[in-house]
Each structure stands twice: as structure tokens, then as C-alpha cells.
Amino acid sequence: GRLFVEWMEDIQRDCKAAAEEGFAEQAKALGSALEQLGAAAAHIGQIAKSGALEASVVNAVNFQRAMGWVALGHEALDQARVARRLIDSGTTNSRLTGKLLNLDFLVGSMLPYVGALTKVIRSADTSCLDPALFNLE
């Protein structure tokens with residue numbers, strides 16, 4: 001838990017700095033995805049605390065996918081911030097422009113998956129654990 005919280009705090013700090021550097025919309029989207037991921041983690045933690053270990057791991061893959069999109073969004077934000085600094089200092093090339101466009105793509109096309117995946121997690125659906133699914137008679 002502690003490493004996850006520290007990771008989330010790092011992203012929050014980077015989002016705040018990025019917003020001040022002209023990436024307000026992108027930082028807001030990443031921050032929102034991070035909040036959704038945190039809520040899903042808390043939900044899974046509460047299920048585990050209740051003793052329903054199987055139910056707590058039902059959405060492990062969905063959680064990993066959501067966390068992956070947040071991690072990629074964070075990396076893209078970092079790369080775009082560096083690219084913007086270089087562009088502002090006079091260095092221009094297609095790779096730097098690509099870093100800015102990659103961030104916009106991730107924010108517009110990939111981060112929305114975090115909301116969908118975490119909604120599935122928070123639905124607490126455990127129908128896939130129903131023993132009737134495994135009754136092959």
C-alpha cells in the first residue's frame with residue numbers, strides 16, 4: 001500500500017507542476033484518472049478486509065490495466081513537459097512535437113479507459129465466482 005500511495009503522490013505533484021507549465025487540461029485528465037484508480041484500490045482493499053479474498057482479486061487484471069494507462073499517461077506527461085522546455089529553448093524537431101501529440105492522444109483516447117475499468121471494479125460483480133459456472137453436469 002505505501003508504495004502505491006507514494007506513486008500516486010508523485011503523480012499528483014507532477015500534475016500540479018504540469019498544470020503550471022501549460023498542461024492544465026492534460027494534468028486534470030490524468031489527475032482524474034488517478035483519483036478513479038485510487039477509489040478502485042480502496043474498494044478492493046475494503047473487500048479484502050471483509051475477508052472476501054476471492055472477490056477482492058476478481059478484477060486484478062482490470063486494476064492492472066487501469067494502473068497501466070495511468071502510468072503511461074504519467075510518462076507521457078513527463079515527456080511532454082521536457083519536450084515543451086526544449087521547444088521553448090529553441091530546439092525543434094518532429095520527435096519533440098510527437099511527445100506533445102502523444103500526450104494529447106493518451107489523454108483523449110486511452111485515459112478514458114481508466115474510468116470504464118474502475119467502474120467495472122467498483123461494481124463489485126462476482127458472478128464469475130458463482131459455483132454454478134463450474135458445474136459441468
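So, alanine 124: at 38% relative accessibility, this residue counts as partly exposed. Keep in mind as we go that we're looking at a predicted model. Where does alanine 124 lie? Alanine 124 is in the segment after α6, the helix covering 112–122. And here's a quirk of its backbone: phi of alanine 124 is near 60 degrees, which is a positive value in a residue other than glycine.

Alanine 124 turns up again when we go looking for empty space. Rolling a probe the size of a water molecule over the atoms shows where empty space is left. How many cavities of 30 Å³ or more does the structure hold? It holds 1. The volume of the largest cavity is about 60 Å³. Two elements, α2 and α3, give two or more residues to its lining. Of the elements, α2 gives the most to that lining, with 3 residues.

Who's in the lining, then? Alanine 124 is there, together with Asp125 and Thr126. You'll also find His43, Ile44, Ile47, Ala55, Ser56, Val58, Asn59 and Ile121. Sorted by type, the lining residues divide into 6 nonpolar, 4 polar and 1 charged.

Let me pick one of those and stay with it for a moment: asparagine 59. Its place is in the loop between α3, residues 53–57, and α4. Is asparagine 59 buried or exposed? With a relative accessible area of 11%, asparagine 59 is buried, because buried here means under 20%. Setting aside neighbours within four places in sequence, asparagine 59 is in contact with Val120 and Ile121. And Ile121, you may remember, is in the cavity lining too.

For contrast, have a look at glycine 51, in the loop between α2 and α3. Glycine 51 is exposed, with a relative accessible area of 59%. Now find leucine 30, which is 21 residues away from glycine 51 along the chain. The C-alpha atoms of those two are separated by 32 Å.

Leucine 30 brings us to the core. In soluble globular proteins, nonpolar side chains tend to be buried together. In this model, the largest nonpolar core has 30 residues. Which of its members touch the most other members? They are Phe23, Leu30, Phe63, Val70, Leu77 and Leu103. The core draws on several helices: α1, α2, α4, α5 (that's 94–110) and α6 each supply at least two residues.

Zoom in on leucine 103 for a second. Not counting residues up to four places away in sequence, leucine 103 touches Phe23, Gln26, Gly73, Ala76, Leu77 and Ala80. Phe23 and Leu77 are on that list of well-connected core members as well.

Okay, last topic: charges. A search of the whole structure finds 5 salt bridges. The residue I'd like you to follow is arginine 81, which lies in helix α4. At 10% relative accessibility, arginine 81 counts as buried.

What does arginine 81 pair with? One partner is aspartate 14, and their side chains meet in a salt bridge at 3.9 Å, N to O. This pair links distant parts of the chain, with arginine 81 in helix α4 (residues 60–88) and aspartate 14 in helix α1 (residues 2–20). They're 67 residues apart in sequence, and 9.8 Å apart in space, C-alpha to C-alpha.

Arginine 81 also forms a salt bridge with glutamate 21, where the closest N and O atoms are 2.8 Å apart. Again the pair links distant parts of the chain, 60 residues apart, since glutamate 21 is in the loop between α1 and α2 (24–49). Glutamate 21 counts as partly exposed, at 31% relative accessibility.

Glutamate 21 has another salt bridge, with arginine 85, and there the closest N and O atoms are 3.8 Å apart. Glutamate 21 lies in the loop between α1 and α2 and arginine 85 in helix α4, so this pair ties together parts that are 64 residues apart in sequence. Arginine 85 is partly exposed, with a relative accessible area of 44%.

Put the pieces together and you get a network of salt bridges linking Asp14, Glu21, Asp78, Arg81 and Arg85. And if you look around arginine 81, leaving aside neighbours within four places in sequence, its contacts are Asp14, Ala17, Ala18, Glu21 and Phe23. Phe23 is also one of those core residues we met earlier.

Key. Residues are numbered from 1 along each chain as its sequence is written. This is a predicted model: local features need pLDDT of at least 70, side-chain atom pairs count only at pLDDT 80 or more; totals for chains, interfaces and linings use all residues. Side-chain values use heavy atoms; hydrogens and water are left out. A salt bridge is a side-chain nitrogen of Lys or Arg within 4 Å of a carboxyl oxygen of Asp or Glu. Helices (H or I, at least four residues) and strands (E, at least two) are DSSP runs, numbered from the N terminus. Buried means under 20% relative accessible area, exposed over 50%, partly exposed in between (1.4 Å probe, protein chains only). Contact means heavy atoms within 4.5 Å. A nonpolar core is a set of buried Ala, Val, Leu, Ile, Met, Phe, Trp, Tyr and Cys residues joined through side-chain atoms within 4.5 Å. On a 1 Å grid over the protein atoms alone, a cavity is a set of points where a 1.4 Å probe fits but cannot get out, and a pocket is an open set with protein on both sides within 12 Å along at least five of seven lines; lining residues have an atom within 4 Å of a point. Grid points are joined across faces, edges and corners, and a volume is the space filled by probe spheres set on the points. Ala, Val, Leu, Ile, Met, Phe, Trp, Tyr, Cys and Pro count as nonpolar, Asp, Glu, Lys and Arg as charged, and the others, Gly among them, as polar.
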